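These are my notebook entries on a protein model, set down in the order in which I looked things up. The structure is shown first.

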Amino acid sequence: MATTFFSPPLTPLVVLRNADILAPSRIGLRDIVISGESIIALLPAGSKLSGLEMEEIDAAGQLVCPGFVDNHVHTLGGGGGLGFSSRAPEIQASQLARAGITTVIGMLGFDATSKSMAALVSKTKGLREDGLSAYCLTGTTLEHPVPTLTGQIRTDIAFVDEIIGVGELSISELGYGYDSFGKGAQYVAEAAVAGLLAGRLSRKAGYCCLQVPPYLSQVLKPMFEVVDRTGIPITQFIPSHVNQTDGYMEDAIAWGLKGGWVDIGANYSPENNYSRATLPHRAYTRLREAGVPADRILISSDGNGAPPKEERGENKPKVANYMPMRALHAAWRRIVCEEEVDVSAALAAVTSNVARATGLAHKGELAPGKDADLLVLNQDLELVHVIARGRPFVANGQPVRRGMFDGTLISELS
Ligand SMILES: [Zn+2]
């Protein structure tokens, strides 16, 4: 099948037959009926739908689950810490789709010198035009106040459809610690309140994604104080990649036990040059064994970021450590296959939990009225088909739909 980047008219109905559904809860064999970009019915398997024009996909023997919702992606490209050439390129739509990610939340991160909110919102709109679901956060990691599109956090969230929160934001405006000569934690609390109020007005979560310094003894502790002193709901914050160090994991356990979200970074692992990190699938088990409820745990990729490799020693050349999108699926699969966690519980961490944490009510579940974002998996939990907003992006493991320039890039580079 030829790859396409335009939007052909959708077949009136698409029916996935005999789908063994993980919604993410296990609901068994159904026929999933898709109209346009939405799921309209989950019918008993083998239901008669005569007299209607439809495309049928046989999913017998395969599992069908919601498309992944990745809450932490540097869609414009992260990096920039090792010269201009280390600025990672913009993400391409089929990079996300072939990793099973049908909904993406982008953010600027550390480099707000060469990248801007205007570019981030434009990229988000572009991914939507390409056929995915895309959102973004306002702000950057190390500037207090953060750069915005409209001049304020609250007007960005209230009036710009794509912007659903603020972050990723560090407590210090100066660097990788908590010491600040500015407002520090006070500013983080102000940013979170701006998000909360604008979110209520515009029916969004308006949450605050936190960048937490993992190597210092304070780790998440100032945020407990912010929550206790201000009364801001703990669920307004998403601390990112909690498995970076043991100290951060300990604080994340306390945070999760207090009712907060904890977000495991799928790319943070000794296998990806983070020597002090806990493997993502082990981190999931460690959180659960410590009593953190399964419905508080999220996993994200921090994908398309490219921080300098954590090298020690004088003579090693400094290189960027690219964060691939496929790490999200790999981490989830290892939670099921190596940690022997129930497949539905593990799926929630990349689907329904993320949709709840980020306020995306149409995402993360397979049910009538939800968006038609679906993954078809084989019994080894490998991706077979990916459907985003009712359109196939991957069929039989191969990309069949791409963004406007993905195909051009492939041919120009090969
Ligand atoms: Zn990041």
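**Entry 1. Helix pairs.** I began with H7 and H8 and found that H7 passes H8 in a right-handed crossing. I should record at once that the model is a predicted one. Helix H7 covers residues 280-289 and helix H8 residues 327-337; their axes lie 8 Å apart at an angle of about 55°. Because angles under 35 degrees count as roughly parallel and 65 to 115 as roughly perpendicular, H7 is classed as oblique to H8. On the H7 side I listed Pro 280, His 281 and Tyr 284 as the contacting residues, and on the H8 side Ala 331, Arg 334 and Ile 335.

I then turned to helix H5 (residues 221-230) and helix H6 (residues 246-257), whose axes come within 10 Å and cross at roughly 20°. That angle makes H5 roughly parallel to H6. I noted the crossing of H5 and H6 as left-handed. Lys 221, Met 223, Phe 224 and Val 227 of H5 make the contact with Asp 251, Ala 254 and Trp 255 of H6.

**Entry 2. Surroundings of H5.** Which residues of H5 are buried? I found Pro 222, Met 223, Phe 224, Val 226 and Val 227. I recalled that an α-helix has 3.6 residues a turn, so residues three or four places apart point the same way. The cover over the buried residues of H5 includes H6, helix H4 (185-202), strand E10 (207-211) and strand E11 (237-239). After H5 comes Gly 231, for which I read a positive phi near 80°.

**Entry 3. Zinc site.** Which residues are the protein donors of the zinc ion? I recorded His 72 and His 74, each through NE2, together with Glu 168 through OE and Asp 302 through OD, at 2.1 to 2.3 Å from the ion. Along the chain, the donors follow the spacing H-x1-H-x93-E-x133-D. The angles among the four donor atoms run from 79 to 172°, and the site is irregular. I checked the two histidines for burial: His 72 is buried, as is His 74.

Glu 168 called for a second look. This residue is found in strand E9 (residues 163-170), and the peptide bond leading to Glu 168 from Gly 167 is cis, with omega near -10°.

**Entry 4. Backbone exceptions.** For this entry I kept in mind that most residues other than glycine have a negative phi, and most peptide bonds are trans. I noted another cis peptide bond, which joins Ala 23 and Pro 24 with omega about 15°. Pro 24 lies in the loop between strand E1 (13-22) and strand E2 (26-35).

I recorded a positive phi, near 55°, for Glu 340. Glu 340 sits in the loop between H8 and helix H9 (343-348). Its relative accessible area is 71%, so I entered Glu 340 as exposed.

Asn 396 also has a positive phi, near 50°. This residue is in the loop between strand E16 (391-395) and strand E17 (398-399). I entered Asn 396 as exposed because its relative accessibility is 60%.

**Entry 5. Thr 103.** Is Thr 103 buried or exposed? At 0% relative accessibility, I counted Thr 103 as buried. Its place is in strand E7 (residues 101-106). Beyond its neighbours within four places in sequence, Thr 103 contacts Phe 68, Val 69, Asp 70, Ser 133, Tyr 135, Leu 360, Lys 363 and Asp 373.

Definitions and conventions: Residues numbered from 1 in each chain as written. Predicted model: local features only at pLDDT ≥ 70, side-chain atom pairs only at ≥ 80, totals over all residues. Heavy atoms only, no water. Donors = N, O, S within 2.8 Å, 3.2 Å for Na, K, Ca; no water. Tetrahedral: all angles 85-135°; square planar, octahedral: opposite > 155°, others 65-115°. Buried < 20%, exposed > 50% of the residue type's maximum accessible area, 1.4 Å probe, protein only. Axes fitted to C-alpha atoms, helices over the stretch in contact; angles between N-to-C directions. Helix = DSSP H or I, 4+ residues; strand = E, 2+ residues; numbered from the N terminus. Parallel < 35°, antiparallel > 145°, perpendicular 65-115°, else oblique. Left-handed = near helix turned anticlockwise from the far one by under 90°. Contact = heavy atoms within 4.5 Å.
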